[in-house]
Amino acid sequence: MPNKHYDYIIVGAGSAGCVLANRLSANGKYSVCILEAGPADKTPFAKIPAAFGYFMFSKKYNWAYEAKAEPSIRNGIPIFVPRGKTLGGSSSTNAMLYIRGQKQDYDHWASLGNEGWSYDSMLPYFKKSECNTRGISQYHGASGPLHVSDGTHDSYPVNKAFIKASQQAGYNITDDFNAGSQEGAGYYQCTIKEGQRCSSARAYLTPVLSRSNVTVIVEALTTKILVEHKKATGIEFTKNNKTQIIMANKEVIISGGAINSPQLLMLSGIGEQQQLQQQGIHCIHNLPGVGKNLQEHVDACVLVKSKKRDGLTTSIRGLARMLPDTIKYFFSKQGKLANTITEAGAFLKSNENVQRPDIQLHMAPLLYDDNGRALNLMRSEGYSCHVCVLRPKSTGTITLKSADPTVSPEIDYNFFSHPDDKKILVDGIKVVRKIFAAPAFDSYRAEEIHPGIKVQNDEDIFIKSKELLGTVFHPVGTCKMGQDDNAVVDQELKVHGINSLRVVDASIMPTLISGNTNAPTIAIAEKAAEMILYQTD
Ligand SMILES: Cc1cc2nc3c(=O)[nH]c(=O)nc-3n(C[C@H](O)[C@H](O)[C@H](O)COP(=O)(O)OP(=O)(O)OC[C@H]3O[C@@H](n4cnc5c(N)ncnc54)[C@H](O)[C@@H]3O)c2cc1C
């Protein structure tokens, strides 16, 4: 039987992949096939905003990777690395915060030689993607597929205390992190539409499934990019234990995310020659940057027991408190279940000598550790504030542990290999403590259980913080855009040295943006789709 041909083959139906499938098929001229390793997003939990925690325990909808263990971090227990594995990818399992980062992040990309990637060049793509319930403005769009809305801000009163305390501690309050200056504390806007998660799949893919030129193949693991004479010609994938091949008339586009995209390139013989040879893989193109430059928001926390009983707990009493909201949600799509659990937060300077925010805070109305998997801890009443380093200088790697595509790659964050990250994180903990010490928390504040009130000097704070160290789930940079020796794609996201092959996802970011990465990844895909169509038409 002859292999099927499509104009564009997209590997990975995540935040970026769904955008591409929609935009590349829109004019009806081109056939598009998008492959997703995970199942369809049919679980009801994919729609309920507060069901975020469910996915942390799922093996079906989550790649559930583990990073390379490091003895001084989490007492040697590997950091958990959740990644969405379903239509919508991580946008179907994420916390839904809608953040773009800072103007300087994109201007920095452009200053590295990536023409067309400055903030002014990217803003139109953010606006194009967005349907913000606040309406159209200089910074916001109101007719795009991705719904962005305000929460009700009344789910957990401790969030109000956080905003008030931030003000009392001397910080700005902002009602929009995505317009002008990002600095201040406030409520996050979220990718939620009428009480339901608006994943990239729901925004971009579901509405175009009826197009005759769109083919979606789920539960299909792409195992190899087929390359002939340095030109990508198709891909090989497995579905139902059968290996199949499909061919691309125009391009193969890899959108597997920052862990899986470099893995797939390496499995296909594109990567550092020596490393590939160690795994017995024939190197068809020596591209040393593949899998290098891994950047992630390293995250620490302050956990405090609460005197009040109005937060989220897994105790019988706490679960009983959720019952009316659960009923309310099923009848009206309103209440606590219609909101994210991290409604409030801040972008702040870790100290007064810093020019622009270098830390992000995520406030949570519960004792939150280990990605919400620390269920015993969550039995007690309490609240947490997580703080992450917005522009870490430490970089890690993704490498192959095996030539077998079903074996997880090695994820080595290499946290704190650059000393500046340590200072910012420690200063960040002090900022959180300053906010938690403000009068607005007087009626809440009981014992600080982490790092613990006895832990006061910088070195002790650092050592203790590493015991509950985590991430904000924002790996990027492993197929970075640029022209230097470690660049994997050029400014049109074409893989250096291989024709008809692009990478379009969070992995192309040369440096991590100052905030959550879903909206930026969607904007990257919007821009990529336009570039691809412009070059094809
Ligand atoms: C738990 C969690 C919480 C987060 N919270 C937020 C938040 O609140 N706000 C925010 O802005 N960002 C958040 N993020 C980050 C954000 O969701 C990601 O940065 C973004 O979704 C990345 O998009 P992507 O297209 O690069 O990858 P993904 O969306 O992860 O998509 C990659 C897709 O490719 C598929 N795939 C991979 N390899 C293959 C293969 N070989 N064959 C076939 N398919 C393959 C995967 O299954 C997946 O569906 C969070 C992420 C996680 C995991």
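Student: So helices are DSSP runs of H or I with at least four residues, strands are E runs of at least two, and both are numbered from the N terminus. Where is Ser 58 found, then?

Tutor: In the loop between H2 and strand E3 (65-66). Bear in mind that this is a predicted model.

Student: Is Ser 58 buried or exposed?

Tutor: Buried, because its relative accessibility is 7% and the cut-off for buried is under 20%.

Student: What does the side chain of Ser 58 reach at 2.9 Å?

Tutor: The backbone nitrogen of Tyr 61. The Ser 58 side chain also reaches the backbone nitrogen of Lys 60, at 3.1 Å.

Student: Switching to pockets. What volume does the largest pocket have?

Tutor: About 650 Å³. It is lined by 25 residues, and the closest to its centre are Ala 50, Ala 51, Gly 53, Tyr 54 and Leu 312.

Student: Which elements give two or more residues to that lining?

Tutor: Helix H2 (52-56) and helix H9 (316-332). H9 gives the most, with four residues.

Student: And how many of the lining residues are nonpolar, polar or charged?

Tutor: The lining has 19 nonpolar residues, six polar and no charged.

Student: Any enclosed space? How many cavities of 30 Å³ or more are there?

Tutor: Four. The second largest cavity holds about 40 Å³ of space.

Student: Which residues line the second largest cavity?

Tutor: Val 158, Ser 306, Lys 308, Asp 310, Gly 311, Pro 365, Glu 381, Gly 382, Tyr 383 and Tyr 444. By class, that lining has four nonpolar, three polar and three charged residues.

Student: Backbone next. Which peptide bond is cis, with omega near -5 degrees?

Tutor: The one from His 450 to Pro 451. Pro 451 lies in the loop between strand E23 (445-450) and helix H11 (458-467). Most peptide bonds are trans.

Student: What about phi? What value does Glu 194 have?

Tutor: About 50 degrees, so positive, although Glu 194 is not a glycine. Glu 194 lies in the loop between strand E9 (192-193) and strand E10 (196-197).

Student: And phi of Asn 293?

Tutor: Near 65 degrees, again positive in a residue other than glycine. Asn 293 lies in the loop between strand E16 (285-286) and strand E17 (298-306).

Student: Which way do they go on accessibility: is Glu 194 buried or exposed, and is Asn 293 buried or exposed?

Tutor: Glu 194 is exposed, because its relative accessibility is 67% and exposed means over 50%. Asn 293 is buried, with a relative accessible area of 15%.

Student: Now H10. How far apart are its end C-alpha atoms?

Tutor: They are 27 Å apart. Helix H10 (residues 419-436) has 18 residues, so at 1.5 Å a residue it should span 26 Å, and the two values agree.

Student: Which residues of H10 are buried?

Tutor: Among them are Ile 424, Leu 425, Val 431, Val 432 and Phe 436. The buried set also includes Asp 421, Asp 427 and Arg 433.

Student: Last one. Where is Ala 506 found, and what is it in contact with beyond four places in sequence?

Tutor: Ala 506 is in the loop between strand E25 (501-503) and helix H12 (518-536). Its contacts, leaving aside neighbours within four places, are Pro 475, Val 476, Gly 477 and Thr 521. Ala 506 is buried, at 12% relative accessible area.

Student: How far is Ala 506 from Ile 522 in space?

Tutor: 8.9 Å, C-alpha to C-alpha, with the two 16 residues apart in sequence.

Note on methods: Residues numbered from 1 in each chain as written. Predicted model: local features only at pLDDT ≥ 70, side-chain atom pairs only at ≥ 80, totals over all residues. Heavy atoms only, no water. 1 Å grid on protein atoms, 1.4 Å probe; cavity = no way out; pocket = protein on both sides within 12 Å on 5 of 7 lines; lining within 4 Å. Points joined across faces, edges and corners; volume = space filled by probe spheres on them. Nonpolar A, V, L, I, M, F, W, Y, C, P; charged D, E, K, R; others polar. Expected span 1.5 Å × (residues − 1). Buried < 20%, exposed > 50% of the residue type's maximum accessible area, 1.4 Å probe, protein only. Contact = heavy atoms within 4.5 Å. Polar contact = N/O pair within 3.5 Å; in protein donor to acceptor, adjacent residues only side chain to side chain.
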